[in-house]
Amino acid sequence: MTWDLVVFDYAEVLSRTQPPPARRALEEAAGIDPDRFWAAFDRHRPAYNISTDATGYWELVAADLGADWDHAHRQRLWSLDIGYCLNPHEPTVRLARRLYGRVPLAVLSDAPADLARALDGSPGMAAFDTLFFSCDLKVTKPDRAAYEAVLRVTGARPEHTLFIDDKERNTEGAARVGLRTHHYTSAERLEKFLADEGLL
């Protein structure tokens, strides 16, 4: 098998899941019932990942919750949120580095502009040839347009492209476009899969 491209998701693949202390820090900073806070946090995330800026996103969350957060308070919430998103999952980042030079690499991530621009020049992304973010594509996974944009820009053939994501709905969306997929659950399982496919 000749591979044209390997595409990684970012959140919870190349980055760590928010640990409980990080979630508690956001909850404490919000000062809102946690269940209500996370519901509003998630409800407005799709728009944030495509077009809404950070100020607009936290205004929407505040309005949803009836929270009287001033700009300094929102800045604190934003810094905690984005800071945790930049926390790498080192075993997977190292796997990507091992692939460097063997096959072209890309990232396809649902991410807001402020996170995307931080990742553009980050050390952990140095192994990747191309970074694709929903805020630039104006579409999120599993919309087929997201995967088609990656194929169009890179010139990769779908059947010779591997897509790695922790969410099954996203790997299923990629498969519908013809990509080979791996549902990510751990760096160890991914390493074995890559070795079995002759990529390591």
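1. Phe-37 is buried, at a relative accessible area of 0%, where buried means under 20%, exposed over 50% and partly exposed in between, with a 1.4 Å probe and protein chains only. Phe-41 is buried as well, at 7%. Both residues lie in helix α2 (residues 34-43), 4 residues apart, or about one turn of the helix. Helices here are DSSP runs of H or I with at least four residues, strands are runs of E with at least two, and both are numbered from the N terminus.

2. A word on conventions before going on. This is a predicted model, so please keep in mind that local features need pLDDT of at least 70 and side-chain atom pairs count only at pLDDT 80 or more, while totals for chains, interfaces and linings use all residues. Residues are numbered from 1 along each chain as its sequence is written, and side-chain values use heavy atoms, with hydrogens and water left out.

3. Now to the aromatic rings. A pair of rings is described by the distance of the centres and the angle of the planes. Rings of Phe, Tyr and Trp (its six-membered ring) pair if their centres lie within 6.5 Å; planes under 30 degrees apart count as stacked, over 60 as edge-to-face and the rest as tilted. The count by this rule is 11 aromatic pairs. In one of them, the ring centres of Phe-8 and Phe-128 are 5.6 Å apart with the planes at 80°, so this pair is edge-to-face. Phe-8 belongs to strand β1 (residues 5-8) and Phe-128 to the loop between α7 (113-120) and β3 (130-133), so the pair ties together parts that are 120 residues apart in sequence. Both Phe-8 and Phe-128 are buried.

4. Phe-37 and Phe-41 also form an aromatic pair, this one tilted, with 5.8 Å centre to centre and 50° between the planes. The two belong to one aromatic cluster together with Trp-38, Tyr-48, Tyr-57, Trp-58 and Trp-69.

5. For the chain as a whole, the secondary structure comes to 11 helices and 5 strands. The radius of gyration is 18 Å, which agrees with the value near 16 Å for a compact globule of 200 residues; it is taken over C-alpha atoms, and the globule rule is 2.2 Å times the number of residues to the power 0.38. Along its principal axes the C-alpha trace spans about 55 × 30 × 30 Å. Buried residues make up 48% of the 200 residues.

6. Contacts (heavy atoms within 4.5 Å) can be sorted by separation. Of those with a separation of 6 or more, 65% join residues 24 or more positions apart.

7. On the surface, the chain exposes about 9,700 Å², and carbon and sulfur atoms supply 50% of that area. Accessible areas come from the Shrake-Rupley method with a 1.4 Å probe, and for residues only the protein chains shown count as cover. As for charge, the mean positions of the 24 positive and 31 negative charges are 4 Å apart. Lys and Arg count as positive and Asp and Glu as negative, leaving out His and the chain ends; the place of a charge is NZ of Lys, CZ of Arg, CG of Asp or CD of Glu.

8. Some backbone details may be worth a look in your viewer. Most residues other than glycine have a negative phi, and most peptide bonds are trans. Glu-12 has a positive phi of about 70° although it is not a glycine; Glu-12 sits in the loop between β1 and α1 and is partly exposed at 36%. Lys-138 has a positive phi of about 65°, lies in the loop between α8 and α9 and is exposed at 52%. Pro-142 is found in that loop between α8 (134-137) and α9 too, and a cis peptide bond with omega of about 10° joins Lys-141 to Pro-142.

9. His-160 is in the loop between α9 (144-154) and β4 (161-165) and is buried, with a relative accessible area of 15%. Not counting residues up to four places away in sequence, His-160 touches Met-1, Thr-2, Trp-3, Asp-4 and Leu-5.

10. Finally, the C-terminal part. Leu-200 lies in the segment after α11 (187-196) and is partly exposed at 25%. The C-alpha atoms of Leu-200 and Arg-98 are separated by 7.4 Å, with their positions 102 residues apart along the chain. Beyond its neighbours within four places in sequence, Leu-200 has contacts that include Leu-95, Arg-98, Leu-99 and Arg-102.
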